[in-house]
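Reader: I am new to this structure and would like to go through it with you. May I ask a few short questions?

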Amino acid sequence: MRKIIKFLYIIIGFIALGLGVLGLVLPVLPTTPLLLLASYCFVKGSERFEHWFKGTTLYTRHLETFVKERAMTLKQKLTILLFADVMIAIPFFILESFFIRLMLVLIVFYKYYYFIYKIKTVPKPTK
């Protein structure tokens, strides 16, 4: 059973990695959260894939700063926040429950609080 779960983590990791790479080209997909998901899945799934992923330029360019310093560029923050806002807006407008809408608004406020006060903003790395 443990091998099946590790295999699923690896599969999900590669799916997230693929979507994250697509996010480099498509502005609709957020790259950083998908790569973070891929990293998490590789850590849980396989030490070999974890080391491989952390050795890629994709990891060093997009995640290393966040993992080491808990910091992101302003562009990364805005991309994540706006994508999450769109995803939260869908159930907000579809559902009619006051309590669910209130919960979604509270999640949005907490999300902005966390990104503004808990994650440092760093300048874009120069190449």
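Reader: Which residues make up the largest nonpolar core?

Author: Please note that this is a predicted model. The largest nonpolar core has 11 residues in all: Ile 10, Ala 16, Leu 17, Leu 35, Ala 38, Phe 42, Phe 49, Phe 53, Leu 58, Tyr 59 and Leu 63.

Reader: And which helices each supply at least two residues of this core?

Author: Helices α1, α2 (31-45), α3 (47-54) and α4 (57-62) each do so. Another core, of 6 residues, lies apart from it, and includes Phe 66, Met 72, Leu 81 and Ile 119.

Reader: What does Phe 42 touch?

Author: Leaving aside residues up to four places away in sequence, Phe 42 touches Ile 10, Gly 13, Phe 14, Leu 17, Phe 49, Glu 50, Trp 52 and Phe 53.

Reader: Turning to the surface, which residues form a nonpolar patch there?

Author: The patch is formed by Phe 7, Ile 11, Ile 15, Leu 19, Val 21, Leu 22, Leu 24, Val 25 and Leu 26, and together they have about 800 Å² of accessible area.

Reader: Where does Leu 19 lie?

Author: Leu 19 lies in helix α1, which spans residues 2-25. Its relative accessible area is 34%, so Leu 19 is partly exposed.

Reader: A different topic: which residue has a positive phi although it is not a glycine?

Author: That is Arg 70, with a phi of about 50°. Most residues other than glycine have a negative phi.

Reader: Where does Arg 70 lie?

Author: Arg 70 lies in the loop between α5 (64-69) and β1 (71-73). Arg 70 counts as partly exposed because its relative accessibility is 37%.

How values were computed:
Residues numbered from 1 in each chain as written. Predicted model: local features only at pLDDT ≥ 70, side-chain atom pairs only at ≥ 80, totals over all residues. Heavy atoms only, no water. Patch = residues over 30% accessible without salt bridge, like charges linked within 9 Å, V, L, I, M, F, W, Y side chains within 5 Å. Areas by Shrake-Rupley, 256 points an atom, 1.4 Å probe, with all protein chains shown as cover. Salt bridge = Lys/Arg side-chain N within 4 Å of Asp/Glu carboxyl O. Helix = DSSP H or I, 4+ residues; strand = E, 2+ residues; numbered from the N terminus. Buried < 20%, exposed > 50% of the residue type's maximum accessible area, 1.4 Å probe, protein only. Core = buried A, V, L, I, M, F, W, Y, C linked by side-chain atoms within 4.5 Å. Contact = heavy atoms within 4.5 Å.
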